[in-house]
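Reader: Hello! Could you take me on a close look at a single part of this structure, and show me how that part sits among its neighbours?

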Amino acid sequence: MTEESTKIAKIWSLLNCRQDPGALDVGTARRQTPGGRKKRSGPPSFCLLFLAYPISSSTIYFLTPGSRKMLSCGVCTSNVQLSGKVAIVTGANTGIGKETAKDLARRGKCTCSQLTSADVSPLTVIVMVLPRLGIADWFPFRWFTGARVYLACRDMQKGELVASEIQATTGNSQVLVRKLDLADTKSIRAFAEGFLAEEKYLHILINNAGVMMCPYSKTADGFEMHFGVNHLGHFLLTHLLLEKLKESGPSRVVNVSSLAHHLGRIHFHNLHGEKFYSGGLAYCHSKLANILFTKELARRLKGSRVTTYSVHPGTVHSELIRHSTALKWLWQLFFFFIKTPQQGAQTSLYCAVTEGIEGLSGSHFSDCQLAWVSSQAGNETIARRLWDVSCDLLGLPMDCVSSSIMD
Ligand SMILES: NC(=O)c1ccc[n+]([C@@H]2O[C@H](COP(=O)([O-])OP(=O)(O)OC[C@H]3O[C@@H](n4cnc5c(N)ncnc54)[C@H](OP(=O)(O)O)[C@@H]3O)[C@@H](O)[C@H]2O)c1
């Protein structure tokens, strides 16, 4: 046998779960059954499965409108324009955050994509030409572009690349990158300090960044990574920016949670996973914390002009599964039914811009509509206790939000 055919034989024998690849004759392979009977070898069953899967799922996808609707449902149809507004999106250098930032940047009073032939006038010509001349930042021209969007990223290089991409595709030059590492409270404080010094207003805060299924590790301040980044990091960031949000009202805070919160529990005696730890469950706990935070924040902000929402974006193709090989396989296998990041951004956008949902502050959304939460997530006692514990861990006064409303 040549070297190549030996290699093929080895691969084939591995696929057939054979112990002795050398004993294989590729052309007339026969498998020894446990009873000693020889049986003609066919393709192994899981090879058949691999063939059957794409065929059956593509058939379902193309023949059943229902399955396609499942993917495309939940579209933010609001055409609210954000000229002159200021937004922050955390974790905006990739995935859902990037698409969210792009859409916010695109929502100008008059961007090229929204122009119709009826709009053609000297004004629209100016609007279309100015960004290309690099003077779109000049007042009052900036009112024609979308929101000023801050991409809050831990990796500045990745952030800058994405900012240039968004600027090029939207024509909005006010897409700015600032360093924010949610795994370090010093970095969060530095980000907030810089932002507060730089900006007069904040209208939309999208707490989007997240980690999933990390091997056991801790943040710079000693918090378990999922709890620290997904919950405590955003909890602190929101607190530091809250006065600005209030001054800029009406304003909104959107917390990107997950359906996975249904498996979450807040184990107050094991918040940092020191007694027991599972990466998958730690993610679920942190996503439950996102919903509890949203509800408690809404309760405390009642009467202010700041509203808050939590969101399940759907199952989305992104880098979130980077720590799990099993999930990477599953995502490949079920790719037909997994949303693109742009589809995943729709519910965050819906909560950030749709008019008339202020009365639903504190609610949870999925596919751009109200969604059920677990009984734990609806438990006010747990929400209050988590609030107090989070303030304690971060060195914040427990009544900081309600007291400042009364001021
Ligand atoms: N994808 C899904 O199916 C799904 C489902 C439900 C909920 N979600 C939620 O959706 C949100 C966005 O996830 P995604 O799917 O877009 O995932 P992704 O592609 O992995 O994006 C996550 C973002 O968070 C950033 N990030 C991670 N750790 C950070 C830290 N310490 N400080 C600052 N930024 C940090 C990442 O930055 P780097 O690029 O530098 O790592 C990245 O920009 C997450 O909250 C996730 O829990 C996603």
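Author: Happy to; what follows is a walk around one strand, S7, and the elements beside it.

This is a predicted model, in which local features need pLDDT of at least 70 and side-chain atom pairs count only at pLDDT 80 or more, while totals for chains, interfaces and linings use all residues. Residues are numbered from 1 along each chain as its sequence is written.

Let's start with the strand itself. S7 covers residues 251-256, and six of its six residues are buried. Buried here requires 20 or more other C-beta atoms within 10 Å of the residue's own, with C-beta atoms placed from the backbone. Helices (H or I, at least four residues) and strands (E, at least two) are DSSP runs, numbered from the N terminus. In a regular strand the side chains alternate between the two faces of the sheet. In S7, Ser251, Val253 and Asn255 point one way, Arg252, Val254 and Val256 point the other way, and all are buried.

Now for the neighbours. Two strands pair if DSSP finds at least two bridges between them. On S6 (residues 204-207), four bridges lead to S7, and the two strands run parallel. Ile206 has Val254 of S7 as its bridge partner. To get from S6 to S7, the chain passes through helix H8 (residues 225-247) in a right-handed β-α-β crossover; right-handed means that, with the strands pointing away from the viewer, the path from the first strand over the helix to the second runs clockwise.

S7 also pairs with S8 (residues 306-312), again in the parallel sense, over six bridges. Val254 has Tyr309 as its bridge partner in S8. Here the chain crosses through helix H9 (residues 279-300), and this β-α-β crossover is right-handed.

H8 deserves a pause. Its 23 residues reach 32 Å from first C-alpha to last, close to the 33 Å expected at 1.5 Å a residue, where the expected span is 1.5 Å times one less than the number of residues. H8 bends by about 50° at Leu241, the bend being the angle between axes fitted to the seven residues ending there and the seven starting there. Like S7, this helix is mostly covered, with 19 of its 23 residues buried.

Finally, step back to the whole sheet. Eight strands make up an open sheet with mixed pairing, in the order S5-S4-S3-S6-S7-S8-S9-S10. S5 (175-179) and S10 (369-370) are the edge strands, each pairing on one side only. S9 (residues 364-366) meets S10 in the antiparallel sense over two bridges, and Ser366 has Gln369 as its bridge partner in S10.

Key:
Buried ≥ 20, exposed ≤ 12 C-beta atoms within 10 Å, placed from the backbone.
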